[in-house]
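Please examine the sequence and the structure shown below. The report that follows treats a few selected features under short headings.

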Amino acid sequence: MVVLTARSENTKPQGRLTMQTVEIGSETLCIRSLDWDRDRFDIEFGLQNGTTYNSFFVQGDKTALIDTSHRKFQELYLDALTGLIDLSTLDYLIISHTEPDHSGLVKEVLQLAPQVTVVGAKVAIQFLQNMVHQPFQSLIVKNGDRLNLGNGHELEFVSAPNLHWPDTIFTYDAKTRILFTCDAFGMHYCNDYTFDEDSELIEADFKYYYDCLMAPNARSVLSAIKRIDKLDVGIIATGHGPLLQHHLSEWVNRYQQWSQEQTKADTLVALFYSEDYGYSDQLARAIAHGIQRNGVAVELVDLSDAEPHEVRELVNQAAGLVIGMPSQANQNAHAALSTILAAAHNKQAIGLFETGGGEDEPIYPLRNKFQEIGLTEAFPPILIKEPPTQVIEQICDEAGTDIGQWLTRDRTIKQIKALDNDLERALGRLSSGLYIMTARKGDVKSAMLASWVMQASMNPLGVAVAVAKDRAIESLLHVGDRFVLNVLEEDNYQSLMKHFLKRFSPGADRFAGIKTYSASNGCPILADALAYMECEVTMRMECSDHWIIYSNVQTGRVAKIDGLTAVHHRKVGNHY
Ligand code: FEO
């Protein structure tokens with residue numbers, strides 16, 4: 001029997017980390033981890049007012065915990081949680097989103113509650129399996145699925161992909177009218193107030209958070225708002241900051257308005273797939289990730305239940321179309337494909353991928369039809385003959401990057417032409433060396449010519465590299481990832497530079513024809529480099545159109561002690 005104690009107090013200060021537990025509805029607790037002084041939130045953005053990580057507990061005849069907390073709260077959170085409930089009787093652990101600020105203590109909760117069933121979107125359960133490395137019972141839920149806890153607490157799940165990862169779900173409890181949204185509608189703001197009484201105090205943080213996390217997925221925000229519109233919501237229980245109750249409709253309206261403004265300006269790719277068929281979902285999201293890297297919006301549409309007028313409208317708006325082959329037996333998908341073909345036009349880019357369901361619509365006849373209409377193929381058809389591996393996901397990600405780059409090529413050229421003034425010429429006098437970054441993660445390898453590289457610390461030894469956001473290698477350079485920084489030599493850099501500046505098709509081996517050997521961190525060392533350093537990424541900072549990747553240097557060698565580093569001299573600072 002779970003003992004549910006309602007409290008509203010701050011407990012156990014540990015420096016500037018504290019806990020707050022509050023009853024926010026009938027048999028519903030909010031367990032807030034208050035991080036008062038956090039001044040940088042992971043990779044996303046600087047913080048001024050700390051943050052909170054909110055977890056929730058609902059007690060019907062059965063019980064559910066919704067999300068956990070950040071690892072830094074391990075002792076405080078688990079103390080608070082075990083003081084409130086007997087984890088050995090916990091029935092469900094609902095995962096709204098697997099980013100570690102919410103799922104950082106899932107492993108510990110699983111150890112204390114091995115009987116629990118983990119509930120989440122398909123992709124969330126997959127992510128989690130890779131994170132916790134231990135077996136657990138799971139329940140995959142889709143939009144509209146329900147879970148009855150008893151005593152009136154019937155939970156309904158709302159699919160909200162891309163807010164802020166592809167794995168996100170909202171959970172709605174009709175008894176308490178509470179909608180649990182994790183990142184969406186949140187803000188990084190830490191104070192004792194559980195709710196949003198003072199909207200003026202928090203509105204700047206609400207907007208800043210929207211701009212950083214939600215604006216790039218404005219279409220997904222609008223889809224999610226449409227999905228929750230039918231729900232009678234009294235409280236939005238977010239994963240960060242105060243819960244929204246006192247100005248609820250105003251906050252939702254702001255999200256809607258900002259997202260509508262955003263989508264009007266966006267270049268858009270319509271990505272059609274069949275959520276439940278083959279590996280369509282997984283592959284579509286990898287492609288979407290690559291597209292968004294270029295600042296291009298993506299709208300995912302399930303061919304199985306798409307309305308013809310929505311398909312037509314979307315194809316009319318889109319600059320690019322990507323289609324995952326549906327099952328030959330899917331009549332609705334066939335009708336949608338005919339609508340797409342009728343609405344497509346020759347100014348658009350097209351990309352097609354098989355989905356590996358065993359009876360895919362043949363890809364080449366459809367490709368021929370789009371070519372007859374005159375669409376530009378942004379990447380070659382992606383063929384799936386086996387369950388997707390890391391390599392295939394990387395091919396999808398790079399294919400998405402390619403279509404995004406093609407759609408933004410005019411913008412890039414305009415930027416180069418527009419800014420050639422005195423300031424840009426002055427900036428061009430900043431010189432730098434020439435390097436090849438080589439990275440490996442599992443079976444996936446990549447490489448990039450880099451010139452914005454500098455030593456950034458001495459103890460520990462650290463380097464910073466600026467990596468443009470539209471570079472596919474970016475996904476191999478997250479915190480904890482490893483790479484090799486190869487230094488090019490003054491008299492021996494032309495052929496390597498030329499090779500790595502080439503345009504590679506998705507999945508192409510960047511190292512074909514290049515002499516390499518393996519570093520102790522598994523990444524390729526270029527045999528013709530003047531020197532190399534093995535690095536581990538410890539921090540990422542978002543700087544407009546680039547990521548600054550700060551890394552500790554773990555080992556290194558110089559091949560030619562008298563050799564000089566190749567230097568890159570530019571004329572203007574608005575391109576490389
Ligand atoms: Fe608050 Fe995307 O994690």
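## Cysteines

Cys30 is buried, with a relative accessible area of 0%. Cys182 likewise counts as buried, at 2% relative accessibility. The model discussed here is a predicted one.

Are these cysteines joined by a disulfide, or are they apart, and how many disulfides does the whole structure hold? A search of the whole structure finds 0 disulfides. Cys30 takes part in none, and the nearest cysteine sulfur, that of Cys182, is 12 Å away. A disulfide requires two cysteine sulfur atoms within 2.5 Å. The sulfur of Cys182 is 12 Å from the closest cysteine sulfur, in Cys30, and is therefore too far for a bond.

## An open sheet of strands

In what order do the 7 strands of the open sheet lie? The order is β23-β22-β26-β29-β30-β25-β24, and the pairing is antiparallel. The edges are occupied by β23 (444-450) and β24 (453-457). Each of these two has a single partner strand, so one side of each is left without a neighbour in the sheet. On average, neighbouring strands of this sheet are turned by 35° against each other, direction ignored.

The edge strand β24 can be followed in further detail. It is joined by 4 bridges to strand β25 (residues 462-468), and the two run antiparallel. Within this pairing, Met454 stands opposite Ala464 in β25.

## The second largest pocket

The second largest pocket has a volume of about 1400 Å³. It is lined by 44 residues, of which Arg219, Leu222, Ser223, Lys226 and Glu299 are the closest to its centre.

Which elements supply at least two residues each to this lining? They are α6 (218-228), α7 (248-265), β17 (297-302) and α9 (308-317). The largest share, 9 residues, comes from α6. Sorted by class, the lining of the second largest pocket holds 18 nonpolar, 11 polar and 15 charged residues.

## A glycine in a loop

Gly507 is found in the loop between α15 (494-501) and β27 (516-518). Is Gly507 buried or partly exposed? At 38% relative accessibility, Gly507 counts as partly exposed, because that class covers values between 20% and 50%.

Gly507 may also be considered together with Ala286. The two residues are 221 residues apart in sequence, and 13 Å separates them in space, C-alpha to C-alpha.

Technical notes
Residues are numbered from 1 along each chain as its sequence is written. This is a predicted model: local features need pLDDT of at least 70, side-chain atom pairs count only at pLDDT 80 or more; totals for chains, interfaces and linings use all residues. Side-chain values use heavy atoms; hydrogens and water are left out. Two strands pair if DSSP finds at least two bridges between them. Axes are lines fitted to C-alpha atoms, for helices over the stretch in contact, and angles run from 0 to 180 degrees between N-to-C directions. On a 1 Å grid over the protein atoms alone, a cavity is a set of points where a 1.4 Å probe fits but cannot get out, and a pocket is an open set with protein on both sides within 12 Å along at least five of seven lines; lining residues have an atom within 4 Å of a point. Grid points are joined across faces, edges and corners, and a volume is the space filled by probe spheres set on the points. Ala, Val, Leu, Ile, Met, Phe, Trp, Tyr, Cys and Pro count as nonpolar, Asp, Glu, Lys and Arg as charged, and the others, Gly among them, as polar. Buried means under 20% relative accessible area, exposed over 50%, partly exposed in between (1.4 Å probe, protein chains only).
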